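The report below works through a protein model, moving from individual charged pairs to strands, cores and overall totals. It is best read with the structure open alongside the text.

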Amino acid sequence: MRTIILFVLFSPFVISSGIDQDYSPFDSPLPDSKSRFAMLDDVKILANGLLQLGHGLKDFVHKTKGQINDIFKKLNIFDQSFYALSEQTNELKVEEEQLRETTSKLQARNEEMKNMSLELNSKLEGLLREKLQLQQKVGGLEEKLANFDKIQPEIQEPKEVISLKSFVERQDSKIKNLLEIVQEQYAQLDKQHNQIKDIEEKLRKTGFQETTDTSFSSKQRAPRTIPSLQFNATRKSEGHGVLADCSAIYDGGEQSSGVYSIRPNESEAFNVYCEVKSDSSWTVIQRRSDGSQNFNETWESYERGFGSLDGEFWLGLEKIYSIVKQGDYILRIELEDWKDNERYVEYSFTLGSKDTDYLLHLSEITGSIPNALPEHRDLAFSTWDHGTGRDFNCPEGASGGWWWENACGETNLNGKYAKPRSKSKPDRRRGLSWKPSRGRSYSLKATKMLIHPTDLGSFE
């Protein structure tokens, strides 16, 4: 490097870079000795400066190399950490896939066992009915035989009677065996249900979510029961093992909120959502919370029921009627506004059959909000496609089916779900609202309607 610098310094072309190319140093007189020494001093100073600059550049290069080496070391450590994280992620994915497969298999097996249990339960009910019929026949025959024995005590019991008694005993034995099998099936179902809950909990802990499709009559994640075989439980449907409402299920030992199967009176069994409160369980007949379910349905839909029991739903007028015709019931309405204020009101009530358009008659018991429903009057239920035979048609303008009086009021818990940003007056009128006869109208975020027998010990 020094040789190059000196060559540059002493090159006549560099020194004379600003002079014409045809110029020659021999064309001018040689400088004197003083000028030469002065020029040499300048050259030495310039060379010394360039030498120091070279040393500085050399130190800078060494320092830069050290920094680059540090960067490469850090990159190497990052690569190792990233590789380790990738391996852990792959392991978690494999475990998650295995858990999903196990969950799927358990759910399939759980469904098979549930179907098997329902089939066994159906057969068991048939056997129980046959048993009762046979017992009645045997009782009648025994009574006739007793009378016959009084007249002819020496005659032996007929072979047909002996054969019939033997058949009844065999049927009893079969029924007992079936009961044991069904109880074992229920125990296995409970075990499978607990295993599925444990696996779902593991999946949640690993950060993965598994979506499940729930419908009005499909499987739910909330707690539920299979039709019970505890024949000594309270409020059973006559001749069947399924209980008649949520309060009876609570009294039978199931004391957590969730989806259960009930069979009121002689109706078919159906699923309901039971909500535990005040040391008992209430049957939920309506729930609104987010507007995910369209409530502007037909009369047939309001009779049958629609929605999802773990979300928004209407239980169905025919199902509600089959429950409340068993005795005296309380109707509880829970309301929540857009400021998260919660209120409720409770009524004693009666509900008519389909022939009366499910006529509702209310008497208020208690509550924390002014009443907005007419008391001691008959309110007929109607929808946009099924009027009440009067001169008005409220559901067409107000949306959703409801119990209307002789004029359309502003209280409607089955109306179109309208959020506060809606400024349109028709939308506000069709939204969920609670309008007392005196006072302002309450715009509602969530509503819930529940029923319970009047033998409840205490109210909230």
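## A salt bridge within one helix

Arg 304 is partly exposed, since its relative accessibility is 47%. The model is a predicted one, and every value in this report is computed from it. Glu 300, with which Arg 304 forms a salt bridge whose closest N and O atoms are 3.4 Å apart, counts as exposed because its relative accessible area is 53%, and the cut-off for that class is over 50%. Arg 304 and Glu 300 both belong to helix α6 (residues 299–304), where a spacing of four residues means that they are separated by about one helical turn. An α-helix has 3.6 residues a turn, so residues three or four places apart point the same way.

## Other charged pairs

A search of the whole structure returns 12 salt bridges, and three of them are set out here with the distance between the N and O atoms.

| Basic residue | Acidic residue | N to O distance |
|---|---|---|
| Arg 304 | Glu 300 | 3.4 Å |
| Arg 332 | Glu 334 | 2.7 Å |
| Lys 445 | Asp 340 | 3.2 Å |

Are Glu 334 and Arg 332 buried or exposed? Both Glu 334 and Arg 332 are buried, although the two form a salt bridge with their closest N and O atoms 2.7 Å apart.

The salt bridge between the side chains of Lys 445 and Asp 340, at 3.2 Å from N to O, links distant parts of the chain, for Lys 445 lies in strand β12 (residues 442–453) while Asp 340 sits in the loop between β6 and β7, 105 residues away. Lys 445 counts as partly exposed because its relative accessible area is 26%, and Asp 340 likewise counts as partly exposed, at 48% relative accessibility. Through shared partners, salt bridges also join Glu 275, Lys 277, Arg 332, Glu 334, Glu 346 and Lys 448 into one network.

The pair Asp 340 and Lys 445 also appears as a polar contact of 3.2 Å between their side chains. On the backbone level, Asp 340 and Ala 446 are 106 residues apart in sequence, yet their C-alpha atoms are 9.2 Å apart in space.

## Strands β6, β7 and β8

The loop that holds Asp 340 belongs to a hairpin formed by β6 and β7, which have four residues between them, and in this turn Asp 340 has a positive phi of about 65°. Strand β6 (residues 329–337) and strand β7 (residues 342–351) pair in the antiparallel sense over eight bridges, and within this pairing Ile 330 stands opposite Ser 348 in β7.

How many bridges join β7 to strand β8? Strand β8 (residues 360–367) pairs with β7 over seven bridges, again in the antiparallel sense, with Gly 367 of β8 as the bridge partner of Val 345.

## A buried polar residue in β3

Strand β3 (residues 280–288) contains Ser 280, which counts as buried because its relative accessibility is 6%. The side chain of Ser 280 is joined to that of His 452 by a polar contact of 2.7 Å.

## Cores and an enclosed helix

In soluble globular proteins, nonpolar side chains tend to be buried together. The largest nonpolar core in this model has 55 residues, of which Trp 314, Ile 333, Trp 403 and Trp 434 touch the most other members. A second core, separate from that one, has six residues, including Leu 127, Ile 175, Leu 178 and Val 182.

Helix α7 (residues 317–324) is largely enclosed by the rest of the structure, because seven of its eight residues are buried. Those buried residues of α7 are Leu 317, Lys 319, Ile 320, Tyr 321, Ser 322, Ile 323 and Val 324, a list in which Lys 319 and Ser 322 stand beside residues such as Leu 317 and Ile 320.

## Whole-model totals

The protein has nine helices and 12 strands, and buried residues make up 36% of its 460 residues. Among contacts between residues at least 6 apart in sequence, 58% join residues at least 24 apart. The protein exposes about 28,600 Å², of which carbon and sulfur atoms supply 52%.

Terms used:
Residues numbered from 1 in each chain as written. Predicted model: local features only at pLDDT ≥ 70, side-chain atom pairs only at ≥ 80, totals over all residues. Heavy atoms only, no water. Helix = DSSP H or I, 4+ residues; strand = E, 2+ residues; numbered from the N terminus. Buried < 20%, exposed > 50% of the residue type's maximum accessible area, 1.4 Å probe, protein only. Contact = heavy atoms within 4.5 Å. Areas by Shrake-Rupley, 256 points an atom, 1.4 Å probe, with all protein chains shown as cover. Core = buried A, V, L, I, M, F, W, Y, C linked by side-chain atoms within 4.5 Å. Polar contact = N/O pair within 3.5 Å; in protein donor to acceptor, adjacent residues only side chain to side chain. Pairing = 2+ DSSP bridges. Salt bridge = Lys/Arg side-chain N within 4 Å of Asp/Glu carboxyl O.
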